[in-house]
Structures are given as C-alpha cells and as structure tokens.
Amino acid sequence: MSAIDLRSDTVTKPSAAMRRAMADAEVGDDVLDGDPTTRRLEQRVAELLGKGDALFFPTGTQANQTGVAMCTTPGTELVLEANAHLVHYEIAGVALLAGVQIRPVTTPDGLLSRDLVKAALRPASPHVPRVSGIAIENTHNAAGGRVLPLDRLQAITALAAERNLPVHLDGARLWNAAAALNQKLSTLTAGVATVMVSLSKGLGCPVGSCLAFDVGRRAEAWEIRKRLGGGMRQSGILAAAGLYALDVNLPRIAEDHANAKAFAAIVGENQALRPVPPDSNIVMVDLTREGDAADRAVTGLAAAGVLCTAFGPRRLRFITHLDVSRAEVERAAGIVATVLA
C-alpha cells in the first residue's frame, strides 16, 4: 500500500482529465504575440479576484516578488508579519530583487491587525527608513493555514489607504481563505494593489501562479517578470490546467478543510499530541511528551506509511488535498495517533 502523502498540497498530480485539457490546449508564443489559452486564464483570474488584469507566472515566488516590486520603492521598508512566506521562504528576494528592507511585525497567531501594522509605521524622520508598502499572507502557511478575518483585512487596507501605502496580498492559498470565510475571492482582494494566487496549491495543477493588478499595470508587471526570466512560450499547455482546475477543483476545496478537521479530531485523541484546530487545510500538531522530537516522528511515520513535514523541533505539519480521500485522511490520522503514542 502506497504512503499517504500529507507533506503539502503541492504533491498532487494532474488528473487524466486535466492532462487531456493540457494536451488539447490552443497555444501560441506568449512572449511574441500572446498565447490564447494563457490569456483566457489571466482574464478568468482577474475576474475572480476583482482586478482589471492578471499575468501568468511559472512560480508563486516569482509572482510574489513581482508584486512586491510593484508596491514598493528601493531603499524603503515593507511591513509584513514576522513569519510570513516572504520573510522565510523566498531566500531574501525582497531585499535582493526589490531593494526593500523587511519590517517584521510579531503576532501571537500569525494574523496581522490594524493596530499592529499602525505601530510598525515609523514616524517621518531623516534618520530612519520610510515604509512604502504592506504585505499580507492569507492563508498564513507558517501559522498553520490561519485565515485572516474579513474585518481585520478591511481594517488593514483602510489604514493603508489612509497612509497611501499599496498592499501586496500573498494569496497562495487565497482559495482556502475564501472557502473558509464563505466569501467571494474578490471580497478578500478589495483594497489591495497586487495579489498572487497559486494554481499548484490546492487546485491540483502541476505548475503556475498568477499575479492580478489594476488595469494599466500590465506592462510594468510584464517587464519585471521578463527581468526575472518568467516569460514563457507555449504556456497555454500549463494555463489549460489552471482553467480546468478553476472549473473542477476550486468548488470542492472546502472538502479539504473538512478532512483537516477530521484529521485533527482523531489525532487529538492521543494525549501525547496537541493538534492546533485548523482554519483551512493545514494541521499543525505539537508533540507534548518530553523527549519527543519532530524529526524522529517524521521518520517513524514515513516507515508506517504517512508522510508529513517537521515544522519546528516539536511540531509536525500535515496538509490535506484533493489526492487524499476522507478514508485515507482518517486512516493516516489513526496511524499518527498509534505510532506517536
């Protein structure tokens, strides 16, 4: 029996139907004169996110870096949560590529608030850097897929508007945030200047992300993407997977959340384990027994047929996705509860 892979929602493989959509895609040279399928995906994403336009990227990191560059000025600061993906997992790209210093905001739960952001905005002075942008991550990966409540999001974007600060939204899993809040995607992007969404997290695509922005900024985004090496040729083969996923896989994403809750409930029956109640499809599990270590737990679980990742000395991360059924999730949870007893 094959292992149940809960390391990430990026481990999914394209279905036979998705592969057919990719094989049948109408394509063109996107760098020279445009790929028709890629353009259809960009238009669809822009509409879903309530923005005037969007651009297809090979990776979320590249799209994030482009968004940051569009929202900031070199030699200034970007305010964001201290454990955001942009801080830890994009190898200082904000500093190297955008020439921007990170202004990290420590939170107890990974969720920014208006007051915390406001406190991080330095008073004008010739002796300290000025802030030129704000970044928000929703859902927040390192915080266990936490979802930023709508009222907090709106309060932050209102503050940003008051201070004339553009906001970049790292929405790699914004699909999950919208499902968890039962809100339209466009509701969660109101007031932000740029927003990145990943097609290979949760939606089952093999490759790809999109960056959405206001009408009139396509040339700017295109230029930055070109500089980063993101221009692709017959990219419609990849974009077709995204169009398929938006039709077929996006509507079922709440199932992953239900599976995550079921997983946490079963694992929580073991007194040596403390699952963090999941907001979305990520379950963080803390090892409570003295002497237990996450790296050893990962090895033991892999031998028993469950794959996960260590997310700290005594914390494990499990992510549900469309390639694991409810039965598999429950079986995996039972294995975790037994092996780590």
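# Exercises on a predicted model

Of the 341 residues of the protein, 53% count as buried. The model is a predicted one.

**Exercise 1. Check the overall dimensions. What radius of gyration would a compact globule with 341 residues have, and what does the protein have?**

Step 1. Take the expectation: for 341 residues, a compact globule would come out near 20 Å.
Step 2. Take the model's value: the protein has 20 Å, so the two agree.
Step 3. Add the extents. The C-alpha trace spans about 55 × 55 × 35 Å along the principal axes.

**Exercise 2. Describe the fold content and its contacts. How many helices and strands are there?**

Step 1. Count the elements: 14 helices and 13 strands.
Step 2. Turn to contacts with a separation of 6 or more. Residues 24 or more positions apart account for 73% of them.

**Exercise 3. Characterise the surface and the charges. What share of the exposed area do carbon and sulfur atoms supply?**

Step 1. Start from the exposed area of the protein, about 14200 Å².
Step 2. Carbon and sulfur atoms supply 53% of that area.
Step 3. Now the charges: there are 35 positive and 35 negative ones. Their mean positions lie 3 Å apart.

**Exercise 4. Work out the setting of D53. Is D53 buried or exposed?**

Step 1. Locate the residue: D53 belongs to strand β2, residues 53–57.
Step 2. Apply the cut-off. Buried means under 20% relative accessible area. D53 has 10%, so D53 is buried.
Step 3. List the contacts, leaving aside neighbours within four places in sequence. D53 touches R39, A46, L211, A212, F213 and R218.
Step 4. Single out R218. The side chains of D53 and R218 are joined by a polar contact of 3.2 Å.

**Exercise 5. Inspect the backbone. Which residues does a cis peptide bond join?**

Step 1. The cis bond joins N138 and T139, with omega about 5°.
Step 2. Place T139: the residue sits in the loop between β5 (131–137) and α7 (150–162).

**Exercise 6. Treat two positive phi values. Where does I91 lie, and where is the place of N164?**

Step 1. I91 lies in the loop between α4 (85–88) and α5 (93–98). Its phi is positive, about 35°, although I91 is not a glycine.
Step 2. N164 is found in the loop between α7 and β6 (167–171). Phi of N164 is near 60°, again positive in a residue other than glycine.
Step 3. Check accessibility; exposed means over 50%. I91 has 79%, so I91 counts as exposed. N164 has 67% and is therefore exposed.

Technical notes. Residues numbered from 1 in each chain as written. Predicted model: local features only at pLDDT ≥ 70, side-chain atom pairs only at ≥ 80, totals over all residues. Heavy atoms only, no water. Helix = DSSP H or I, 4+ residues; strand = E, 2+ residues; numbered from the N terminus. Rg over C-alpha atoms; globule rule 2.2 N^0.38 Å. Buried < 20%, exposed > 50% of the residue type's maximum accessible area, 1.4 Å probe, protein only. Contact = heavy atoms within 4.5 Å. Areas by Shrake-Rupley, 256 points an atom, 1.4 Å probe, with all protein chains shown as cover. Lys, Arg positive; Asp, Glu negative; His and termini not counted. Charge placed at Lys NZ, Arg CZ, Asp CG, Glu CD. Polar contact = N/O pair within 3.5 Å; in protein donor to acceptor, adjacent residues only side chain to side chain.
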